[in-house]
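Work through the three exercises below with the coordinates open. Each task is followed by a stepwise solution.

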Amino acid sequence: KKSYPTIEFQWGFSKPLTHNDLLSQKFLDAGAMDFRIGHTKKKIREKYENIVEIDFDFLFLGRITKDLATSDEETNDKVELNAWRFGISSLDGYAYKLGGTGELLLYHSKGMVWTKSEFSSDAPSEQLIDMQNTYDDVFRFGNCFEGGIKYQIVEPIAVNIGFERTIVYPRHLFWYWAGSELIEAVGHGLVSGFVDEVMKSSPIAAPIVYFVLQNAISYGSFELRKKYMNWPFKTAMPLLIDNYKVGVSFAF
């Protein structure tokens with residue numbers, strides 16, 4: 001196992017969304033930018049020399065704003081979101097060795113994030129005013145997950161493309177949150193055990209199976225939380241932010 005100090009820069013665009021019962025107005029697309037710093041650990045198992053197990057634990061700081069977007073989208077009565085965010089996350093997955101120092105990683109990540117949001121609109125509704133009273137000018141706790149593909153061109157440079165979803169809770173109800181997270185964690189644990197079995201019988205398929213199933217568990221869990229932020233418990237409706245990103249990283 002080897003450890004590499006790593007920095008990563010990501011750019012893309014954001015699509016905020018909510019359940020229609022919380023806010024019927026649509027959001028403007030916004031630009032997004034993230035900076036990440038942490039350590040990448042790589043492990044090669046003796047029996048599967050062409051497969052690399054990779055973990056990247058990192059801290060991140062990000063900005064979401066229309067100022068980073070190039071769209072000429074009509075504003076009309078749409079809602080503009082500007083936000084600062086920071087958090088901690090853990091990325092893991094399996095990579096195919098491609099010869100030399102080339103690696104193709106299929107990954108899943110899960111983390112905790114604190115987001116300070118500001119909403120504005122030319123035609124604010126009562127729903128939007130309620131959201132402003134809840135979210136504006138304060139950091140709110142949330143969770144995020146990301147699925148993507150990272151290609152190491154040559155040490156230490158890699159590029160990636162990914163989809164991230166963030167859920168921002170209007171309030172942090174610890175016990176409800178812990179129960180909801182535990183249900184998702186059981187799903188991830190079952191997938192990890194299943195992938196270990198796949199690795200024994202068909203190593204070449206293990207990275208793909210891990211990527212598909214782990215991200216499916218997270219995506220499904222976050223979809224269920226659109227109406228109840230701590231599903232299956234009947235709690236408030238949250239803010240969600242989808243980010244579509246490309247990035248470049250340096251693992252020294």
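**Exercise 1.** Classify Lys116 as buried, partly exposed or exposed, and list what Lys116 touches.

*Solution.*
1. The model is predicted. Take the relative accessible area of Lys116: 28%.
2. Buried requires under 20%, and exposed requires over 50%. Lys116 is therefore partly exposed.
3. Locate the residue: Lys116 sits in strand β5.
4. Leave out residues up to four places away in sequence; Lys116 then touches Asn82, Ala83, Trp84, Asp137, Val138 and Phe139.
5. Check one pair. Asn82 is 34 residues from Lys116 along the chain, and their C-alpha atoms are 8.4 Å apart.

**Exercise 2.** Compare the span of α3 with the expected value, then find how its buried residues are arranged around the axis.

*Solution.*
1. α3 has 19 residues; at 1.5 Å a residue they should span 27 Å.
2. The end C-alpha atoms of α3 are 27 Å apart, so the two values agree.
3. List the buried residues of α3: Ala206, Pro207, Tyr210, Gln214, Asn215, Ser218, Ser221 and Phe222.
4. Look down the axis of α3. These buried residues fall within an arc of 135°, so they line one face of the helix.

**Exercise 3.** Which elements are included in what covers the buried residues of α2?

*Solution.*
1. Set the limits: α2 covers residues 174–201, 28 residues in total.
2. Test the length. α2 reaches 41 Å between its first and last C-alpha, close to the expected 40 Å.
3. Pick out buried residues of α2, among them Trp177, Glu181, Glu184, His188 and Met199.
4. Identify the cover: it includes strands β3, β4, β5 and β6, together with helix α3.

Technical notes: Residues are numbered from 1 along each chain as its sequence is written. This is a predicted model: local features need pLDDT of at least 70, side-chain atom pairs count only at pLDDT 80 or more; totals for chains, interfaces and linings use all residues. Side-chain values use heavy atoms; hydrogens and water are left out. Helices (H or I, at least four residues) and strands (E, at least two) are DSSP runs, numbered from the N terminus. The expected span of a helix is 1.5 Å times one less than its number of residues. Buried means under 20% relative accessible area, exposed over 50%, partly exposed in between (1.4 Å probe, protein chains only). Contact means heavy atoms within 4.5 Å. The arc is that of the directions from the helix axis to the C-beta atoms.
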